[in-house]
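Biologist: I'm new to reading models like this one. Please take a close look at one part of it for me, and then connect that part to the rest.

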Amino acid sequence: MAIALTFGLWSFKYRIGEFSRAGPGLFPLLVSSLLLLVGAFTVVRSRFVKAERIDFNFRNIALVIASLCGFVLLSEHLNMIAGIAFMVFCASFAGTSYSVARNLKISAGLIVIALALQRLLGLNLPLF
Amino acid sequence: MDVLHNLAFGFEHALTLHNLMYCAIGCAVGTLVGLLPGLGPLATISLLLPLTYSIPTGGALIMLAGIYYGAQYGDSVSAITMKIPHASSIVACIDGYQMTLKGKTGLALFTAGISSFIGGTVAIVVLSTLAPMLGEVAFLFGPADYCALMLTGFVCVSFVTTGSLLNGLAMTMIGVLLGQVGTDVNSGVPRFTMDLPFLADGIGLISIALGCFGIAEITKNLDNRNEHTPFNGKIHLIPSWPEFKRIIPSALRGSAIGSLLGILPGGGPVLAQFGAYAAEKRFSKYRQEIGSGAIEGVAGQAAADEAAARTSFIPLMSIGIPENAVMALMLAAFIVKGVQPGPNMIASHPDLFWGLVASMWVGNVFLVILNVPLVRYWLSVFKIPYSVLFPSILFFCCIGTFSINNSLQDIYITATFGFIGYMFLRLDLEPAPLLLGFILGPMLEENFRRALLLSRGHFIPFLTRPISGTLLALIAIFIAWQVFAFLAQARRTTAVAAP
């Protein structure tokens, strides 16, 4: 397994560890201290392993997350049909090619599926 | 005789028209989604879990099981024809794809189908004899033993799925901590909710599963951007008699190995495939050919794969402890449906238990019917471009998350976990142990507290009770071995680096 563990990631985990001390109960404290231990071990180990660069493609994940959040906001304030259309258009920016006609077709298809789910399976979708 | 009687009882339930339909739908949909590049069984089950909410309990469980082994099989089909491996079908790529290169795709698929059928059948015999027996044993388990068993599961899963104990354990613990979010069962104090009302019930399992496995996986696939060319070759299915004869012994060996490795904690299809493949390399009559497209290389692993997929239900249904992440998801599905798997399940829901067991065999038959003659049509799934597929998958993730609580806010959580899961994947950290930790975390805490309550705060019973003592000793030995291995390796590297 390619080890590419940066100290940053592990300090992030530390914070989870420390954070849980505030909570009630003995168990989270126990688990988080164990996690702290494992984190410390990893830091020790990472000194022995050559660091590797990780390439993140933030553009894609950001687009996907944005389309999800947009879907929620639009469905909440407008309706889900707009949400679906927005999601398809926004998410396909992350794809290899972009075509408005195809996106319209996909949106239409998904809206039909959503309608079918609402009518046939009785899901309570706020479509309108 | 008892077993036969029970199985007959199970078939009575599995063969009702409705349940047959659910089983067929489960297998078909599972195969379909499993075929899609990048979606393994975990993603498939979490995507399709919401579909089962409006179905009666028995049918829902049957359908879920169908989805599971359908996905498992769909995986191996995409592995054989196009060398698209998922975690669950790495081994199928080796010989299966070699056979495709030699123009023997049909033979490979037929071998995989028949071997899966044999593996599944053997596993069901094992399941129906062993599960009730193990259920009896499970009555002896106290809270401390459950704790030890879960810890063993954590350690094994961490090691098996990630190959690195530390990373796996870290993931498991993060999962356990995530499971702590929500209202504390014992005291009613809200923990880690940041005063957000939708966190008071805890983080939804589906949000985590869909985020980490659905959204993160497809985004990762988007990054790779290599469009797979759909398979267009000819498929000649029926093998000659000598070829057929070569399938049987390997498939039987694979079934035995798979059934055994499926039961062990941390085991399951992945481990079973590797075990069976290694066994074929060592014991098969044609061992020289393995690796370059031998029937045995496909038959053994396919049988082991399906066998383990079924026997991994044994610990879940007889003890109530899932042994890997997929089974943890199943456990969650059982609980959603109001069934608590465990020693009492066989006694209190015999119709569910034996119906499920029998439906596994029915599902086996469906898989062979669906897949062997119709495989050509399945493969046309790959002709759908990814730019169409991927918004649709996103859409289903949203609908799935939404339909649980009719809450749109839950999609934010899914999106968050999509991001976290994506980071994990990019850092080569496998999120499966996280899911296991998340589902088992609350159970572990409950049993842990109960054990401490019984022993009045002493830890000694954990060590002196025979079952928990043995398990904890095994964990300790395993960890010690890992530490020594690491130290030895570190010394070697520093020795090399020094001069």
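**A close look, starting with confidence**

Modeller: Let's start with chain A, where helix α1 (residues 7–19) has the lowest mean pLDDT among the chain's elements, at 47, and helix α3 (residues 58–77) has the highest, at 73. This is a predicted model, and pLDDT is the predictor's own confidence in each residue, from 0 to 100. Helix α1 of chain A covers residues 7–19, a stretch inside residues 1–24, where pLDDT stays under 50. The model still has 52 contacts beyond four places in sequence for residues 1–24 of chain A. Over chain A as a whole, the mean pLDDT is 63, with 34% of the residues reaching 70 or more.

What is chain A built from? It has five helices and zero strands, giving the pattern α-α-α-α-α along the sequence. Of its 128 residues, 41% count as buried. Its accessible surface comes to about 6,800 Å², and carbon and sulfur atoms make up 70% of that. Among contacts in chain A with a separation of 6 or more, 45% are between residues 24 or more positions apart.

Now for chain B. Its mean pLDDT is 75, and 81% of its residues reach 70 or more. Within chain B, confidence is lowest in strand β2 (residues 190–191), with a mean of 61, and highest in helix α2 (residues 17–35), at 82. For the complex, the predictor gives an ipTM of 0.72 and a pTM of 0.76.

Let's zoom in on helix α14 (residues 325–336) of chain B. Its 12 residues reach 17 Å from the first C-alpha to the last, close to the 16 Å expected at 1.5 Å a residue. Because 10 of those 12 residues are buried, α14(B) is largely enclosed by the rest of the structure. Among the buried ones are B:Met330 and B:Phe334. Both also appear in the largest nonpolar core, which has 151 residues: together with B:Ile208, B:Phe313 and B:Leu435, they touch the most other members. In soluble globular proteins, nonpolar side chains tend to be buried together. Leaving aside neighbours within four places in sequence, B:Met330 is in contact with B:Ile45, B:Leu64, B:Ala65, B:Tyr68, B:Phe313 and B:Leu316. Just after α14(B), B:Gly338 takes a positive phi of about 80°.

Helix α8 (residues 165–179) of chain B makes a good companion. Its end C-alpha atoms are 21 Å apart, which agrees with the 21 Å that 15 residues should span at 1.5 Å a residue. Here 15 of the 15 residues are buried. One residue of α8(B) is B:Leu178, which has a relative accessible area of 18% and therefore counts as buried, the cut-off being under 20%. Beyond neighbours within four places in sequence, B:Leu178 is in contact with B:Ile203, B:Ile208, B:Phe417, B:Leu434 and B:Phe438.

Finally, how many salt bridges does the structure hold over all chains? There is one: it joins B:Glu306 and B:Arg310, whose closest N and O atoms are 2.6 Å apart. These two residues sit four apart in helix α12 (residues 295–311) of chain B, so about one helical turn separates them. Both B:Glu306 and B:Arg310 are buried.

Notes. Residues numbered from 1 in each chain as written. Chains lettered and ligands numbered in written order. Heavy atoms only, no water. Buried < 20%, exposed > 50% of the residue type's maximum accessible area, 1.4 Å probe, protein only. Contact = heavy atoms within 4.5 Å. Areas by Shrake-Rupley, 256 points an atom, 1.4 Å probe, with all protein chains shown as cover. Core = buried A, V, L, I, M, F, W, Y, C linked by side-chain atoms within 4.5 Å. Expected span 1.5 Å × (residues − 1). Salt bridge = Lys/Arg side-chain N within 4 Å of Asp/Glu carboxyl O.
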